[in-house]
Amino acid sequence: MIHRSLAMLSLLSLPLLIEPSAAFAQISCGPRDQLVKLLAEQYKEDPVGIGLAQPGQVLEVFASQAGSWSMVMTMPDGKACLIAAGDNWEMVARIKGSPT
């Protein structure tokens, strides 16, 4: 996953911001359209989920048929940040009325 984030940084030529956490997280930010284009072209990832976060922020999940996935947070100004990425994505269909 770290290699993937670094590859995305070099392709986008975007700044890297490292925030302290239990395991240092790497975050790539830039214009949403460029990030979405990179996910589609480089990783064959398409949107599979979307939701509202804090006021004005949109969280999107992108995934490929090969199992790679990315989470992108977009701010009201159009700036988007890759906040997580990984492998082995699996769509889970919840059957109505079944326990969670």
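Is methionine 91 buried or exposed? Let's find out as we tour this predicted model.

## A residue at the surface

Methionine 91 is found in the segment that follows strand β6 (79–86). Its relative accessible area is 54%. Exposed means over 50%, so methionine 91 counts as exposed.

Methionine 91 also has company. Together with Val48 and Trp89, Met91 forms a nonpolar patch on the surface. The accessible area of Val48, Trp89 and Met91 together is about 280 Å².

## The overall layout

Now take a step back and look at the whole chain. The protein contains two helices and six strands. If you follow the chain from the N terminus, you meet these elements in the order α-β-β-α-β-β-β-β.

## A hairpin to look for

Next, try to find strands β3 (residues 46–52) and β4 (residues 58–63) in the structure. These two strands run antiparallel, and six bridges join them. One pairing you can trace yourself is glycine 51, whose bridge partner in β4 is leucine 59.

Between the two strands of this hairpin there are five residues. Look here for glycine 56, which takes a positive phi near 85°.

## Inside and outside

How much of the protein is buried? Of its 100 residues, 34% are buried. As for the outside, the accessible surface of the protein is about 6,800 Å², and carbon and sulfur atoms account for 61% of that area.

Contacts tell you about the fold as well. Among the protein's contacts with a separation of 6 or more, 34% are between residues 24 or more positions apart.

Conventions:
Residues numbered from 1 in each chain as written. Predicted model: local features only at pLDDT ≥ 70, side-chain atom pairs only at ≥ 80, totals over all residues. Heavy atoms only, no water. Helix = DSSP H or I, 4+ residues; strand = E, 2+ residues; numbered from the N terminus. Buried < 20%, exposed > 50% of the residue type's maximum accessible area, 1.4 Å probe, protein only. Contact = heavy atoms within 4.5 Å. Areas by Shrake-Rupley, 256 points an atom, 1.4 Å probe, with all protein chains shown as cover. Pairing = 2+ DSSP bridges. Patch = residues over 30% accessible without salt bridge, like charges linked within 9 Å, V, L, I, M, F, W, Y side chains within 5 Å. Salt bridge = Lys/Arg side-chain N within 4 Å of Asp/Glu carboxyl O.
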